[in-house]
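Please open the structure in your viewer and keep the sequence panel beside it, so that each selection can be followed from one stop to the next.

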Amino acid sequence: MSKIFIIEDDETLRRELSMVLELDGHESHACADFANAALQVIHAKPDAVVLDLRLPGTDGLAICRGIRAASDVPILVLTSSDTEFDEVMSLKLGADDYLTKPYRPAVLLAHLARLLQRAHGANATRIEHAGISLDVTRAIASYAGNEVALSRNETCILAELMRARGAIVSRQDLMCALWQTDEFVDDNTLTVNVNRLRRTLERAGAPGSILKTHRGQGYSL
């Protein structure tokens, strides 16, 4: 379970975010005093922060700068502002990701999962989603009690898809994840590996439709 700290002044949206996070198995905490939001985050020691930019009596960019000055906690900016200036400034001041409202819960959770994995990935050795259990260290996937061994590329692709929790993962993101393993992957190689993973999961008893192809977009699980 990860602790997510929410800095959002809209009470309805704050409750909705808390519900979305808790349904996904996270523990949510909300900011009570925006003037001291950065200090609250530092004391709470969360695993990630969801930060709005438009806040009463203060500025989300200043909060972002204050958090980053004392902590390397992942920061996801979630705001109604879609200006290039706010996005660029957020990233320059230390935010790790930027999403605009209205948001889609599955997309938000996918972005958070990526941030948490980057920050704490070394401890995430087992992932569960869509009836599949993946032991990343052993490169073993199981479905309904049936285990199958995976190749390194299959393990990497499956882990990325499972962490996205049903959201679409682009082909580019999957290729980037594979490149991080020092394996050169082009577009055709990715297709081959995804098809192999689909057949491997079928051998474990998973339905062929469990790994979905979204033409022109990517894949989801």
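What follows is a tour of a predicted model, taken one selection at a time.

**First stop: a strand and its two partners**

Begin by selecting strand β1, residues 3-7, where four of the five residues are buried. Add strand β2, residues 27-30, and you will see that it pairs with β1 in the parallel sense over four bridges, with Ile-4 standing opposite Ser-28 of β2. To follow the chain between these two strands, select helix α1, residues 11-23, through which the chain crosses from β1 to β2 in a right-handed β-α-β crossover. Now select strand β3, residues 48-51, which runs parallel to β1 and is joined to it by four bridges; here Phe-5 is the residue to show, since it stands opposite Val-49 of β3.

**Second stop: two helices with a buried face**

Which residues of helix α2, residues 37-44, are buried? They are Ala-37, Ala-38 and Val-41, and when you look down the axis of α2 these buried residues fall within an arc of 100°, so they line one face of the helix. If you then display the surroundings, what covers the buried residues of α2 includes β1, β3 and α3. Just after α2, select Lys-45, which takes a positive phi of about 50°.

Move on to helix α3, residues 60-70, and colour Gly-60, Leu-61, Ile-63, Cys-64 and Ile-67, which are buried. Seen down the axis of α3, the buried residues fall within an arc of 160°, so they too line one face of their helix. On the other side of α3, Ala-69 and Ala-70 are exposed. At the start of α3, show the side chain of Asp-59, because one of its oxygens reaches to within 3.2 Å of the backbone nitrogen of Leu-61.**Third stop: another parallel pair**

Select strand β6, residues 75-79, together with strand β7, residues 97-100, and you have two strands that run parallel and are joined by four bridges. Thr-79 stands opposite Thr-100 of β7. With helix α4, residues 84-92, added to the selection, β6, α4 and β7 make a right-handed β-α-β unit.

**Fourth stop: the nonpolar cores**

The largest nonpolar core holds 30 residues, of which Ile-132, Leu-134, Ile-157, Leu-158, Leu-211 and Leu-221 touch the most other members. The elements giving two or more residues to this core are β9 (132-135), α6 (152-163), α7 (171-179) and α8 (187-203), and the largest share, six residues, comes from α6. Centre the view on Ile-157 and, leaving aside residues up to four places away in sequence, you will find that it touches Leu-174, Leu-178, Leu-190, Asn-193, Val-194 and Leu-197. A second, separate core has 21 residues, among them Phe-5, Val-41, Cys-64 and Tyr-98.

**Last stop: an open sheet**

Finally, select the three strands of an open sheet whose order is β12-β14-β13, with antiparallel pairing. The strands β12 (169-170) and β13 (212-214) stand at the edges with a single partner strand each, so one side of each is left without a neighbour in the sheet. Between β13 and strand β14, residues 218-220, there are three bridges, and the two strands run antiparallel; to see one such pairing, show His-214, whose bridge partner in β14 is Gly-218.

How values were computed: Residues numbered from 1 in each chain as written. Predicted model: local features only at pLDDT ≥ 70, side-chain atom pairs only at ≥ 80, totals over all residues. Heavy atoms only, no water. Buried < 20%, exposed > 50% of the residue type's maximum accessible area, 1.4 Å probe, protein only. Pairing = 2+ DSSP bridges. Right-handed = clockwise from strand over helix to strand, strands pointing away. Core = buried A, V, L, I, M, F, W, Y, C linked by side-chain atoms within 4.5 Å. Contact = heavy atoms within 4.5 Å. Arc of directions from axis to C-beta. Polar contact = N/O pair within 3.5 Å; in protein donor to acceptor, adjacent residues only side chain to side chain.
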